[in-house]
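Here's a walk through a model, from a single residue out to the sheet, the cores and the empty space. Have a look at it before reading on.

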Amino acid sequence: MNAALHLAATFVLCVAVAGPLARARWVWRAPRTGILLWQMLGLSWALSAVGLLLALGLAPHDAPIPVALGRWADDAVRGDVTPLALLVVLGLLSALDLVIGLLWTWGSVLRVRRRHRDVLALVARRDEAAPGAFVLDHPNVVAYCVPGARSAVVLSSGALTALTRDQVDAVLGHEHAHGRERHDLVLLPFSALCSVLPKVRLARSVARAVALLVEMRADESASLRHGAQPLASALRRFGSARPPEGALGAADVAVAARLVRLAGLPPLPAALRCSALVGGLVLVGIPLSFLVR
């Protein structure tokens with residue numbers, strides 16, 4: 001029961017923290033720290049949710065969860081099952097649901113991106129004005145990254161016409177940061193969470209908050225190489241055209257918030273960044289200490 005109380009407290013804490021953190025602006029000042037914090041919070045939430053069900057269902061065995069789970073399996077084989085066994089089954093099914101949701105989302109996105117790369121191979125062209133990118137002949141101002149092991153950065157001919165040389169370089173830097181840092185893998189578990197819990201508003205809020213931090217991190221990387229002003233000017237030129245499914249667009253997420261950050265938000269002090277990460281590690285360590293010992 002001690003494990004159940006700790007896991008329940010961790011689960012409640014994760015849910016209680018998620019809302020305020022999704023609305024927090026201090027993480028804008030350290031997007032990489034914010035992304036790591038969200039990853040640790042999400043992992044802690046999943047482990048504590050599954051662990052709580054297991055701890056309650058295995059309470060009659062009065063042993064650490066891994067040991068009690070083995071005893072429960074032996075009892076189940078002999079047909080000695082109590083009503084609390086339903087909680088164990090529910091916990092295992094919840095873990096399986098999360099894993100299947102993650103793999104299903106990943107597989108779906110991979111298929112979409114593969115088809116898009118095939119299309120790019122047929123209709124896109126290379127252009128010296130956009131080094132390292134595919135150029136699509138289209139009047140809309142669009143830029144996006146199709147992430148993967150071989151990420152593809154795409155720029156429309158309309159963007160090449162509308163943007164200055166410095167702005168094109170900044171936009172390409174932003175998109176290459178998405179591919180280089182594999183931001184698609186950052187977003188994947190949160191997209192899977194939305195598919196597993198489609199009616200939970202908090203899950204959608206968290207996914208939007210992480211998507212914004214991913215864009216801010218790409219902005220940060222591009223700004224370091226090309227300056228903040230060219231990127232901010234370029235973002236103002238993008239219209240409402242959305243990137244294709246499975247791609248990460250240059251200006252499809254909270255452009256106004258990103259412009260505020262590019263205007264000069266001071267970086268978060270190192271001490272606060274470290275404190276946030278230590279807090280996240282402690283939060284992950286609580287459910288792990290009960291699930292693996």
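Which helix does Thr33 lie in?

## Starting with Thr33

Thr33 is part of helix H2. Bear in mind that we're looking at a predicted model. Is Thr33 buried or exposed? Its relative accessibility is 9%, and because buried means under 20%, Thr33 counts as buried. Setting aside neighbours within four places in sequence, Thr33 is in contact with Arg273, Ala276 and Leu277.

## The largest nonpolar core

Now for the largest nonpolar core, which has 32 residues. The members that touch the most other members are Leu21, Trp28, Trp38, Leu41 and Val210. Five helices each supply at least two residues of this core: H1 (2-23), H2 (31-57), H7 (183-196), H8 and H11 (270-291). Which helix gives the most? That would be H8, with 10 residues.

Trp28 deserves a click of its own. If you don't count residues up to four places away in sequence, Trp28 touches Leu212, Leu213, Met216, Ala257, Arg261 and Leu265. Apart from the largest core lies another one, of 25 residues, and among them are Leu160, Val168, Leu231 and Ala232.

## Helix H9 and its cover

Leu231 and Ala232 turn up again in helix H9 (residues 228-237), where the buried residues are Pro230, Leu231, Ala232, Ser233, Ala234 and Leu235. What covers these buried residues? The cover includes helix H6 (165-180), helix H8 (201-226) and helix H10 (255-262). So H8 shows up twice in this story: it covers buried residues of H9, and it gives the most to the largest core.

## The sheet

On to the strands. There are 4 of them in an open sheet, running in the order E1-E3-E2-E4 with mixed pairing. E1 and strand E4 (248-249) stand at the edges with a single partner strand each, so one side of each has no neighbour in the sheet.

Strand E3 (residues 152-156) is mostly covered, with 5 of its 5 residues buried. Ala152, Val154 and Ser156 point one way from E3, while Val153 and Leu155 point the other way. Strand E1 (residues 134-136) pairs with E3 in the parallel sense over 3 bridges. Within that pairing, Phe134 has Val154 as its bridge partner, and Val135 has Leu155.

In which sense do strand E2 (residues 143-146) and E3 pair, parallel or antiparallel? It's antiparallel, over 4 bridges, and Val146 stands opposite Ala152. E2 and E3 form a hairpin with 5 residues between them, and Gly148 in the turn has a positive phi of about 155 degrees.

## Empty space

How many cavities of 30 Å³ or more does a search of the whole structure find? Just 1, and the largest cavity has a volume of about 60 Å³. Its lining is made up of Val141, Val142, Ala143, Phe238, Gly239, Ala241, Arg242, Pro243, Gly249, Ala250, Ala251 and Asp252.

## What the record says

UniProt, in an unreviewed entry, places the feature "domain: Peptidase M48" at residues 114-196. In the model, that span is 55% helix and 14% strand, and its end C-alpha atoms lie 24 Å apart.

Note on methods:
Residues numbered from 1 in each chain as written. Predicted model: local features only at pLDDT ≥ 70, side-chain atom pairs only at ≥ 80, totals over all residues. Heavy atoms only, no water. UniProt positions renumbered as here; feature names shortened; annotations may be inferred. Buried < 20%, exposed > 50% of the residue type's maximum accessible area, 1.4 Å probe, protein only. Contact = heavy atoms within 4.5 Å. Core = buried A, V, L, I, M, F, W, Y, C linked by side-chain atoms within 4.5 Å. Pairing = 2+ DSSP bridges. 1 Å grid on protein atoms, 1.4 Å probe; cavity = no way out; pocket = protein on both sides within 12 Å on 5 of 7 lines; lining within 4 Å. Points joined across faces, edges and corners; volume = space filled by probe spheres on them.
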